[in-house]
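Let's walk through this one together, sheets before the cavity. Have the model open as you read.

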Amino acid sequence: FPIIPIRGEDFYYYIDNSGNILQKLKGYEKAFGFYENIAIVMSADRKYSVIDKNGNKKFPYKIKDCYQRYSEGLMAAIMENGSSGFIDYNGTIKIPKIFYFVDGEFAATEFSNGFACVKSSDMGQEWEIIDNKGNVISHFNSLDIPTKFHDGFCLTTIIQQGEKKWGYISTSGKLLANRYFDYADDFLHGWAYILIDGKDAVINTSGEISLVVDLKNDIKAQSYSNK
């Protein structure tokens, strides 16, 4: 059943789908939603713990900082003892990794279909794609934190001729359609919205681009031909 974190006047707590406060899940400095049946909460000492839906801690030791949710059984975390990497539900580091930050945010994505992006160093804009075994698949550049992979592509940003541009990087590190766009959204069911040369368009995962105005004309033509 749904369990939702709520911010109260003095602390965070969880409610069920009827609005009842779950007494075993209250009194946190911060609380995040349940994913894969577990949630991340922050206590008064500003350290994080991993809990189940009964309020039980999955492991006793605390986390200094983390991505704040699990995906495919893994979560990026910096432990209280200074070790860091992607941990499993028991707090065991399965993929050792040094993590960095971009504008105060964790410079790592969650896993999606076995792949994640991690910033390679504190300097520069280089990122690496890793699989769920920790193998580095490829490298790419991104100004901002990439999105997780959708339909096999993550959305990245760069500066080109003084302007911010968006592009799609595959799990193998290749740039879709070999170009960047004025703006772009994540893929959904194989298609995504883009702004190209100031015009609305859509792109598919094969890199085929169609202007929205052309699609409208095609739809109009088909509707007239069916009359």
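What follows covers two sheets and a cavity.

This is a predicted model, so to speak of local features takes pLDDT of at least 70 and side-chain atom pairs count only at pLDDT 80 or more, while totals for chains, interfaces and linings use all residues. Residues are numbered from 1 along each chain as its sequence is written, and side-chain values use heavy atoms, with hydrogens and water left out.

Start with the open sheet β13-β14-β15, three strands in antiparallel pairing. Strands here are DSSP runs of E, at least two residues, numbered from the N terminus, and two of them pair if DSSP finds at least two bridges between them. β13 (115–119) and β15 (136–141) are the edge strands, each pairing on one side only. Between β14 (residues 126–131) and β15 there are five bridges, and E128 sits opposite H139 in β15.

Now move on to β18-β19-β20-β21, an open antiparallel sheet of four strands. β18 (183–184) and β21 (209–211) each have a single partner strand, so one side of each has no neighbour in the sheet. Three bridges tie β20 (residues 199–204) to β21 in the antiparallel sense, with I203 opposite I209.

Finally, look inside. The largest cavity (on a 1 Å grid over the protein atoms alone, a set of points where a 1.4 Å probe fits but cannot get out; lining residues have an atom within 4 Å of a point) has residues including Y67, R69, F86 and E110 in its lining.

Definitions and conventions: On a 1 Å grid over the protein atoms alone, a cavity is a set of points where a 1.4 Å probe fits but cannot get out, and a pocket is an open set with protein on both sides within 12 Å along at least five of seven lines; lining residues have an atom within 4 Å of a point.
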